[in-house]
Amino acid sequence: MTRKTLFQIIEPHQKENAIEKAYDVFMFLTIIVSLIPLTTKSHTGIFMWLDFVSTVIFIIDYILRLVTADYKLEKGKLSFLLYPFTFLALADLLCILPSLFLLNNSLRLFKILRMLRILRVFKFIRYSKNVQILTNVLKKQKDSLIIVGFLALGYIFISALIIFNVEPSTFPTFFDALYWATISLTTVGYGDIYAVSTTGKIITMISSFLGIAIVALPAGIITAGYMKEIKEL
């Protein structure tokens with residue numbers, strides 16, 4: 001088997017044969033199985049073996065991607081040096097290293113490494129075509145999304161500044177005001193901190209209506225981009 005054939009098998013693309021699809025499904029199931037040990041506090045017995053087997057598979061997958069990096073990055077021999085520093089390669093490495101270091105008996109270290117293993121969820125990005133389509137949409141619409149992001153941040157800051165000065169007793173710190181403004185933007189409304197004066201309530205109502213509009217903007221941008229991406233397939 002040539003390296004190019006190997007690359008075509010491990011790298012998801014639009015027109016895949018049975019073997020390439022089978023590899024994607026196999027890795028998809030491996031990711032799911034690797035997350036099972038994280039659903040329990042036990043790290044012995046079958047959970048330890050599930051983590052061990054999935055980690056070995058991830059290591060093999062990482063090595064295969066490294067030896068075919070020149071087909072991925074198309075930069076010749078330099079690709080083998082650059083690939084380990086790409087986003088998905090770093091994510092793959094962070095999915096592997098925690099399991100290798102779990103032999104340490106430190107409880108604090110175990111908790112940190114257990115948390116890092118949650119990053120395996122991001123491996124779905126590599127094997128899910130829908131996620132890849134969404135990633136392409138985010139890349140193409142990044143300018144519009146950045147503008148909306150700055151608009152949201154400006155909204156939060158200005159709303160917090162207004163409510164902080166209108167009700168200084170209700171919002172003792174500016175961070176409390178920022179928290180309230182963020183909750184108002186998302187229209188979640190936990191109710192743990194809220195305006196009590198008439199002026200403050202009016203500001204809250206206005207803030208909520210504006211929040212709905214701002215939250216709807218990125219959803220519309222992503223939806224439009226997603227539909228356009230699908231039509232281009």
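1. The side chains of Lys 72 and Glu 11 meet in a salt bridge, with N and O 2.7 Å apart. This is a contact between distant parts of the chain: Lys 72 sits in helix H4, Glu 11 in the loop between H1 and H2, and 61 residues separate them. Lys 72 is partly exposed, at a relative accessible area of 38%. Glu 11 has a relative accessibility of 12% and therefore counts as buried, the limit being under 20%. The model discussed here is a predicted one.

2. A second pair joins H4 to the N-terminal part of the chain. Asp 70 forms a salt bridge with Arg 3, and their closest N and O atoms are 2.9 Å apart. Asp 70 belongs to helix H4 (residues 69-73) and Arg 3 to helix H1, so the pair ties together parts that are 67 residues apart in sequence. Asp 70 counts as buried, at 18% relative accessibility, whereas Arg 3 is partly exposed, with a relative accessible area of 36%.

3. Within helix H3, the side chains of Arg 65 and Asp 61 meet in a salt bridge, 3.0 Å from N to O. The two residues are four apart in H3, which means that about one helical turn separates them. Arg 65 and Asp 61 are both buried.

4. How many salt bridges does a search of the whole structure find? The count is four. A network of salt bridges links Glu 11, Asp 61, Arg 65 and Lys 72. The network thus includes the residues of the Lys 72 and Glu 11 pair and those of the Arg 65 and Asp 61 pair. As a general point, side chains of opposite charge can pair when their charged atoms come close.

5. Helix H1 covers residues 3-10, and its buried residues are Leu 6, Phe 7, Ile 9 and Ile 10. These residues cover an arc of only 160° around the axis, so they are on the same side of H1.

6. Helix H2 (residues 18-35) has 18 residues and, at 1.5 Å a residue, should span 26 Å; the distance between its end C-alpha atoms is 26 Å, which agrees. Its buried residues are Glu 20, Tyr 23, Asp 24, Met 27, Thr 30, Ile 31, Ser 34 and Leu 35. Because these buried residues fall within an arc of 135° when seen down the axis of H2, they line one face of the helix.

7. Which residues make up the nonpolar patch on the surface? They are Met 48, Trp 49, Phe 52, Val 53, Val 56 and Ile 60, and their accessible area together is about 580 Å². Ile 60 is located in helix H3 (residues 46-67) and counts as partly exposed because its relative accessibility is 45%. Asp 61 and Arg 65, by contrast, are buried.

8. The unreviewed UniProt entry lists residues 46-68, 80-103, 145-166, 178-196 and 208-227 under "transmembrane region". In the model, residues 46-68 are 96% helix and 0% strand, and the C-alpha atoms at the ends of this span are 33 Å apart. Residues 145-166 are 100% helix and 0% strand, with 31 Å between the end C-alpha atoms.

Terms used
Residues are numbered from 1 along each chain as its sequence is written. This is a predicted model: local features need pLDDT of at least 70, side-chain atom pairs count only at pLDDT 80 or more; totals for chains, interfaces and linings use all residues. Side-chain values use heavy atoms; hydrogens and water are left out. UniProt positions are given in the numbering used here, feature names are shortened, and annotations may be inferred rather than shown by experiment. Buried means under 20% relative accessible area, exposed over 50%, partly exposed in between (1.4 Å probe, protein chains only). The arc is that of the directions from the helix axis to the C-beta atoms. Patches are made of residues with over 30% relative accessible area and no salt bridge: like charges are joined within 9 Å, nonpolar side chains (Val, Leu, Ile, Met, Phe, Trp, Tyr) within 5 Å. Accessible areas come from the Shrake-Rupley method with a 1.4 Å probe; for residues, only the protein chains shown count as cover. The expected span of a helix is 1.5 Å times one less than its number of residues.
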